[in-house]
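Subject: Handing over the two-chain model

Hi,

Here is the structure I promised to pass on to you. Please have it open while you read, as my notes follow below it.

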Amino acid sequence: MLRYIFKRLVSLIPVLLGATFIVFAIMFFTPGDPATLMLPQDATAEDIAIMREVLGLNQPFLIQYRDFLLRLVQGDLGNSFRTGQSVIGLIMSRLPATMQLASASLVIAVMIGLIAGIIAAVRQYTVWDGGAMFTALLGVSMPNFWLGLMLILFFSVFWAASFGYTLLPASGYGTLRHMIMPAIVLGTAHAAFITRITRSSMLEVLRQDYIRMARAKGLSPFQVVVVHALRNALMPVVTIVGLRFGVLLGGSVVTERIFAWPGIGRLLIDAVRAQDYNVVQGIILTYAIIFSLVTLAVDLLYAFIDPRVKTRYR
Amino acid sequence: MKKCRTRAMIFAVALGFAVLIGCGQTEEAAVVESHLIVANFAETQTMDPRAVEDTASHWINNQIFDGLVRRTDDMGVEPALATDWRFVDDRTIEFSLRQGVLFHNGEAFTARDVKFTYETLLDREAGFAGRSRLAMIDVENIEIIDDYTIRIPTNEPFAAVLTYLAHSSSLIVSKSAVEQFGADFGANPVGTGPFKLSRWDRGTAVHLERFDEHWRGPAQVERLTFRGVPEGSSRTIEVETGGVHVAQTIPETDFNRLRDNNSVELHEYEAMRLHYIMFNTQSPPFDDVRVRQAISYALDIEELAEVAYGDAGSPARGYMNSSIWAFNPDVYLYPRNMDRARELLAEAGYADGFRMTMTINDDAPRQTIAEIMGSQLRELGIEIDIEIMEWGAYLQMTAGGEHHMAQLAWLASTGDPHHALHPNYFSGNIGAANRSHTVLPELDELLLAGVREPDAARREQIYREAQELISSFAPIIPVADDREAVAVRSNVTGFVPSPSGYHMFHEVGLD
C-alpha cells in the first residue's frame with residue numbers, strides 16, 4: 001500500500017510539470033500585457049517598458065519558464081506582480097476559507113444526496129422517487145447566482161424587514177452564520193449529482209441475488225438497505241464525491257463573489273484578469289496538487305469500502 | 001470492518017470540528033458603537049500607496065496616510081503635511097512642513113520622509129505602479145533645506161504639480177518603517193493618517209483603528225473596517241440590512257430602491273470620468289475629419305447616454321468631464337443632423353457608407369452603445385461589426401492603433417485639466433493613453449503651454465481653446481459624464497462624498 005502511495009506521488013511530478021507548462025504557455029501567449037494593466041492608463045510607453053523590464057517580462061518564453069521552475073524547486077512561487085506579496089502567502093491566506101466552504105458544502109451535498117438517492121431507489125417509481133429526481137433536476141438547473149440572491153433576499157432582506165434583524169448575514173466571512181448560505185448554494189448543485197448516482201447505483205445493487213437472500217433471511221428493510229446494499233453501492237458514489245470535493249476546493253467564482261467569500265476562485269479570476277502570471281501559476285499548481293491528492297484519497301478509500309480492492313494496490 | 005467504521009466516524013467528526021472551529025470567531029456586528037463598517041467594491045491589494053493604481057486600495061490608503069497637500073471636497077488643494085508652499089522658480093516649489101506630526105510608530109515626521117517617499121516611488125528599479133503619476137518630479141535634485149523645509153523641483157515647468165501631489169500616489173510613507181519591513185511594508189503600513197492598521201484579513205477586510213495623535217485631532221469613530229464586497233447587489237443589500245454603514249459604488253439598478261429607503265441616504269455625485277466613443281484617427285476612413293464629424297452628427301447622444309448609463313451618467317457636455325475646472329461649456333457638440341452627416345460623408349467619398357468594426361471590452365453599457373450605434377448609423381449605410389475583447393488585450397490593441405473605433409472612459413482623478421486632456425490628445429502619448437492616435441501640432445502646443453502656465457486664469461483660457469480644437473478635430477464622441485452613488489445608513493454623520501471617489505472618514509461619525 002505504501003509503495004502504491006509513493007508511486008502515485010511520484011507520478012504527480014510529470015502531471016504538475018505538464019500543468020504548469022500549459023498554463024505558463026497560455027498566459028504568455030494570451031494577448032495583453034501585465035505591465036499595462038498594473039499602471040495607470042496615462043502611463044507612457046516608456047513607463048510600460050520600464051515596468052516590463054522590472055517584472056522580467058522581456059525575457060523569452062523558455063527563459064521565463066526555466067526561471068519559474070528554478071524558483072519552484074526552491075519552494076518559491078515568486079511574488080504577485082500587482083501587490084508584490086508572495087504567491088504562497090496569498091494562496092495560504094485564501095485556502096482556509098476555501099477548505100471550510102468546500103467541506104461544509106460537501107457535508108450538505110452528501111447528506112442530502114445520499115438520503116434522497118437511497119429513498120428514490122428503495123421507493124422506485126413512487127412519488128418519493130419522482131420527488132427526489134425532480135428536486136435533483138431543480139438543484140442542477142438552478143444557477144448559483146440566482147439561488148444565492150434568493151437566499152439573501154429571504155434570510156437577510158425579508159427577515160430584516162419583517163423582524164428587525166437579519167437571520168443570516170448577506171455576505172462576509174468569519175462565523176458559522178456567514179457560511180450557511182454559500183454552503184447551501186454550492187451544496188445544492190452537488191447534492192443533485194450525488195442523488196442521481198446514489199439512486200442508480202443502489203438500484204443496481206438492490207436487484208442482486210444476495211439482497212434477495214438477505215430479505216429472504218428475514219432481515220429488516222433497514223438492515224438490508226443500509227448494511228448490505230449501501231456499502232456495495234458506495235463505490236461510484238465515493239468516486240463522484242471525491243471528484244466533487246476536488247471541484248469544490250477549486251472554489252466557486254460566482255458564489256464567492258455574491259457572498260464576498262475570500263476563496264481561491266476569486267483570487268484566480270482576479271489574477272487571470274490582471275495577467276498576474278505568478279499568482280495564476282501558483283493557484284493552478286495548488287489545484288493540480290489538491291486534485292491529485294483527492295483522487296489518490298478516493299482510490300485509497302476504495303480499499304476501506306471493498307477490501308478486495310486492497311490486493312490491487314501494489 | 002469495525003475499525004474502518006470507527007476511522008470513518010473519527011474523520012467525519014474531525015472534519016465537522018475543523019469547519020466549526022475555523023468559523024467560530026465572533027461576528028463583528030455593525031451596531032457596535034464607534035465602529036464604522038464600509039463596503040468597498042473590491043478588496044485591497046496592498047497598503048503601500050506607492051505600489052497600487054486601483055481605487056479600492058487608494059481609498060483605504062487615504063485613511064492611513066497623508067500627503068503634503070490634500071484635496072478639498074470641491075477638488076481644490078489645501079495644506080496637509082505641508083503648511084505652506086511657494087514657487088522658488090517656475091520649476092521648483094518649496095514646502096514648509098508641519099511640525100509635531102507623528103507617524104503611527106511614534107516617530108516624528110520630517111523632510112527626510114518626504115524625500116525618501118518620492119525617491120523610492122520614482123526609482124525605476126523598484127517598479128512602483130504610482131511612478132508614472134509623479135514622473136514630472138526631478139527626483140535627483142530634491143533638496144532638504146532643514147527638517148521642516150524641502151524643495152521639490154520638476155523636470156519642466158509643471159503648473160499642476162500641487163494637484164498631482166494631492167493624489168493618492170503621493171502619500172507620504174515612514175522612512176524607518178519601510179526600511180524595517182521592506183517588501184512587507186504593504187502589509188505593515190505606517191503613515192501619519194487619522195487611522196492606523198489594526199488587522200488585515202486578506203481577501204476579506206481591513207480593520208483600522210483611530211490614531212489619537214493625528215495632527216487634525218482624533219477621528220470621530222474608534223474603529224473603521226473596510227470590507228471587500230465585489231458584487232454590487234450584495235453591497236446594496238448589506239447597507240439596506242445594516243450589515244455595513246457605508247457602501248461604495250452602488251449599481252444604477254438599485255438607485256431607486258435606496259432612494260425610497262428611509263434608513264439609507266443615497267449620495268449621488270458627479271465623478272470626474274467621461275465615457276466616450278473614440279476613432280482611430282490614423283485608420284481609414286477615420287483619418288478623414290469629415291467622416292468623424294459625420295458620425296458625430298449622426299448619433300443621438302442623449303439616447304445613448306440614457307439607455308446605456310441611466311442614472312449613472314448624464315449626457316456629456318464637452319470633451320472632458322464637466323466637473324473639472326477649465327471645462328468649456330460653450331464647446332461645439334455635434335447635434336443630431338442626418339442631412340449634414342450625409343453631406344459630409346458624400347464629400348469624403350463615402351456616400352454609400354462603409355463597413356467598420358467597433359471594438360469594446362466586456363462591458364454591458366459599451367455593448368449597448370455599440371448596438372444602438374449600429375441602428376443609428378445604418379441610415380447612413382454604415383454597418384458596424386462588434387468585437388468584444390478581454391481588457392488587457394483591448395488596452396494593448398487600442399494603444400497599438402489596430403482598431404477602427406472603440407469605447408473608453410477617462411477618469412481625471414487629480415481633477416486637473418492637464419490630466420483630463422494631455423494623456424489622451426498629446427501626440428507624444430501615442431502608444432500609451434492617446435488611443436485615438438490624435439496628432440495635432442496646434443493642440444500639442446496648447447497642451448504644453450497649459451501645463452507650463454502658472455497663472456490659473458490664463459491656464460483656463462488655454463484649456464478652453466484646446467477643447468475647441470479637439471471638438472473641431474472630433475477624435476472622440478463624448479457620451480456621458482459619470483455619476484456615482486454611495487449609500488450611507490441614516491445614523492452616519494458628517495459623510496461628504498468626494499468626486500475623486502476617495503471619501504474621507506476623519507470627520508464621519510455614528511449617531
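Which residue in strand 16 of chain B does Leu274(B) stand opposite? Leu274(B) faces Trp410(B) there. Before going further, please keep in mind that this is a predicted model.

**Strands of chain B**

That pair belongs to a longer ladder: strand 12 of chain B and strand 16 (residues 405–411) of chain B run antiparallel and are joined by seven bridges. Strand 12 (residues 264–279) of chain B also pairs with strand 17 (residues 476–489) of chain B, again in the antiparallel sense, over twelve bridges. If you want a place to look in that second pairing, Glu270(B) has Arg483(B) of strand 17 as its bridge partner.

Elsewhere in chain B there is an open sheet of four strands in the order 4-5-7-6, with antiparallel pairing. Its edges are strand 4 (82–89) and strand 6 (143–146) of chain B, each of which pairs on one side only. From one strand to the next, the twist averages 25°. Helix 3 (residues 111–121) of chain B packs on this sheet and touches strand 5, strand 6 and strand 7 (149–153) of chain B. The direction of that helix makes about 20° with the direction of strand 7 of chain B. Within the sheet, strand 4 of chain B and strand 5 (residues 92–97) of chain B are antiparallel and joined by six bridges; Asp89(B) stands opposite Thr92(B) of strand 5.

**Helix packing in chain A**

Helix 10 (residues 221–249) of chain A has two partners I would point you to. With helix 13 (residues 277–305) of chain A, the axes come within 9 Å and cross at roughly 165°. The two helices are therefore roughly antiparallel to each other, and helix 10 of chain A passes helix 13 of chain A in a right-handed crossing. On the helix 10 side, the residues that meet helix 13 of chain A include Leu234(A), Met235(A), Val238(A) and Phe245(A); on the helix 13 side they include Phe291(A), Val294(A), Val298(A) and Leu301(A). By class, this contact has 13 nonpolar, four polar and one charged residues.

The other partner is helix 8 of chain A, whose axis and that of helix 10 of chain A come within 8 Å and cross at roughly 155°. These helices are therefore also roughly antiparallel, and their crossing is right-handed. Among the residues that meet are Phe193(A), Ile194(A) and Ile197(A) from helix 8 of chain A, and Pro236(A), Val237(A) and Ile240(A) from helix 10 of chain A. The contact divides into 14 nonpolar, four polar and one charged residues.

**Domains of chain A**

Chain A is divided into domain 1 (2–73) and domain 2 (101–262). The C-alpha centres of these domains of chain A lie 38 Å apart.

**Where the chains meet**

How many residues of each chain are in contact with the other? For chain A the count is 53, and for chain B it is 50. Several helices of chain A each supply at least two residues to the side that touches chain B, including helix 5 (87–122), helix 7 (144–163) and helix 8 (176–206). Helix 3 of chain A gives the most to that side, with seven residues. Taken by class, the side of chain A that touches chain B has 28 nonpolar, 17 polar and eight charged residues.

Have fun with it!

Best wishes

Methods: Residues are numbered from 1 along each chain as its sequence is written. Chains are lettered from A and ligands numbered from 1 in the order in which they are written. This is a predicted model: local features need pLDDT of at least 70, side-chain atom pairs count only at pLDDT 80 or more; totals for chains, interfaces and linings use all residues. Two residues are in contact if their C-beta atoms, placed from the backbone, lie within 7 Å. Ala, Val, Leu, Ile, Met, Phe, Trp, Tyr, Cys and Pro count as nonpolar, Asp, Glu, Lys and Arg as charged, and the others, Gly among them, as polar. Axes are lines fitted to C-alpha atoms, for helices over the stretch in contact, and angles run from 0 to 180 degrees between N-to-C directions. Angles under 35 degrees count as roughly parallel, over 145 as roughly antiparallel, 65 to 115 as roughly perpendicular and the rest as oblique. A crossing is left-handed if the near helix is turned anticlockwise from the far one by less than a right angle, and right-handed if clockwise. Domain bounds come from an automatic or database domain assignment. Two strands pair if DSSP finds at least two bridges between them.
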